[in-house]
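Welcome, and please load the model in your viewer. We will go from one selection to the next and look at what is there.

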Amino acid sequence: MKNPVSYGILLTVFAYMLFTAHDSVVKLLVVTIPVWQILFWRSCTILAGCFIFEGPSLAQKVARSPIIKPMIVRSILLVVAWTSYYSAARYLQLAEVTTLYYAAPIVGTILATIVLREKVTVARWMAVGVGFCGVVIASNPVGLSISWPVYLALQAAVLWATGMVLLRKTALHEKSHIQMAVSNIIFILLTGTMAILHWKTPTTYELVLLFSTGAIAGVAQLALFEGMRQAPVSVLAPFEYTSLVWAFLLGFLIWGDIPKINTFVGAVLILGAGLIIIVSERLRRVPAALTKQDHDRAERSPVPHSGE
């Protein structure tokens, strides 16, 4: 874990595990609580956590943050992405909308080469492709045709990927909890009106779940922001697929959904995609480490005098 790329991968996998747990809690809530209210409450909880962590100076630091403009753009993109995703989920099967949404890592890798000028290796492209094949096999979408919900799901994927690229651009220029504060302030402003218009007074049980969404999403956002600080988008993109494995596991534990054989085959491919990245990055580091050792050895060697 001394290597920043390995640390970034670990944080990203942890983040998507928590995001999947967050989605499971949201699925329990949306039966009785409007989505706008859930997003509003979640952002308020995360922002409160940022204030506890940073103190009264948080407002001043947010106002003076050099990345506030791109974070505003990113927050708007994510609000539209989630609205598109939830709208598509009303009309498509879970397997269909999941498969379409997981075009995001592919889009993110492409954008990383164009916007961030990242050099994407063959191994990284291979990992993205293998992971997407795993999603298709696990989700097993059948009879999917072009329609408005399909477009919305693809739009959500593109907007989410764009948001991740923007996050990578801003992650190196500001502390993670300041970025979280900026992002959630924008979310509160964008969802507040709709939350008030569709407000439903929560029960004690729902109140606990609402606080849980904020706590889980807050830790997940922190892990994701820190992961993006450590590793390139093209390295981390395939690990977004791991959330599907967590989704099937939580579906079994909470709702008793029994995965079919294609689910396990897809899960193996998704894990294989992660292994491709881990092994390839290790192999890339070996020559660099050897070169550094040779350089250090040369510097330690005594320089002969001219008379010797």
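Start by selecting Thr32, which is partly exposed with a relative accessible area of 37% (buried means under 20% relative accessible area, exposed over 50%, partly exposed in between, with a 1.4 Å probe and protein chains only). Thr32 sits in the loop between α1 and α2 (35-54); helices here are DSSP runs (H or I, at least four residues), as strands are (E, at least two), numbered from the N terminus.

Before going on, a word on the ground rules: this is a predicted model, in which local features need pLDDT of at least 70, side-chain atom pairs count only at pLDDT 80 or more, and totals for chains, interfaces and linings use all residues. Residues are numbered from 1 along each chain as its sequence is written, and side-chain values use heavy atoms, with hydrogens and water left out.

Keep Thr32 selected and add Lys200 and Glu206: Thr32 is in contact with both, leaving aside neighbours within four places in sequence (contact means heavy atoms within 4.5 Å). Now add Pro202, and measure from C-alpha to C-alpha: Thr32 and Pro202 are 8.7 Å apart in space, yet 170 residues apart in sequence.

Next, show α1 and α10 together. How do their axes cross? They come within 8 Å and cross at roughly 160° (axes are lines fitted to C-alpha atoms, for helices over the stretch in contact, and angles run from 0 to 180 degrees between N-to-C directions). α1 is therefore roughly antiparallel to α10 (over 145 degrees; under 35 is roughly parallel, 65 to 115 roughly perpendicular, the rest oblique). Colour the residues of this contact by type, and you will find 23 nonpolar, seven polar and two charged.

Stay on helix α1 (residues 4-29) and pick Thr20. Is Thr20 buried or exposed? At 6% relative accessibility, Thr20 counts as buried. Select Ser243, Trp246, Ala247 and Leu250 to see what Thr20 touches, not counting residues up to four places away in sequence.

Now jump to Arg117, in the loop between α6 (104-114) and α7 (122-139). Its relative accessibility is 67%, so Arg117 counts as exposed. Check its backbone too: Arg117 has a positive phi of about 60° although it is not a glycine. Most residues other than glycine have a negative phi.

Finally, colour by pLDDT, the predictor's confidence in each residue, from 0 to 100. The chain mean is 81, and 87% of residues reach 70 or more. Among the elements, helix α10 (residues 204-230) has the highest mean, 92, and helix α5 (residues 94-101) the lowest, 67.

Technical notes
Ala, Val, Leu, Ile, Met, Phe, Trp, Tyr, Cys and Pro count as nonpolar, Asp, Glu, Lys and Arg as charged, and the others, Gly among them, as polar.
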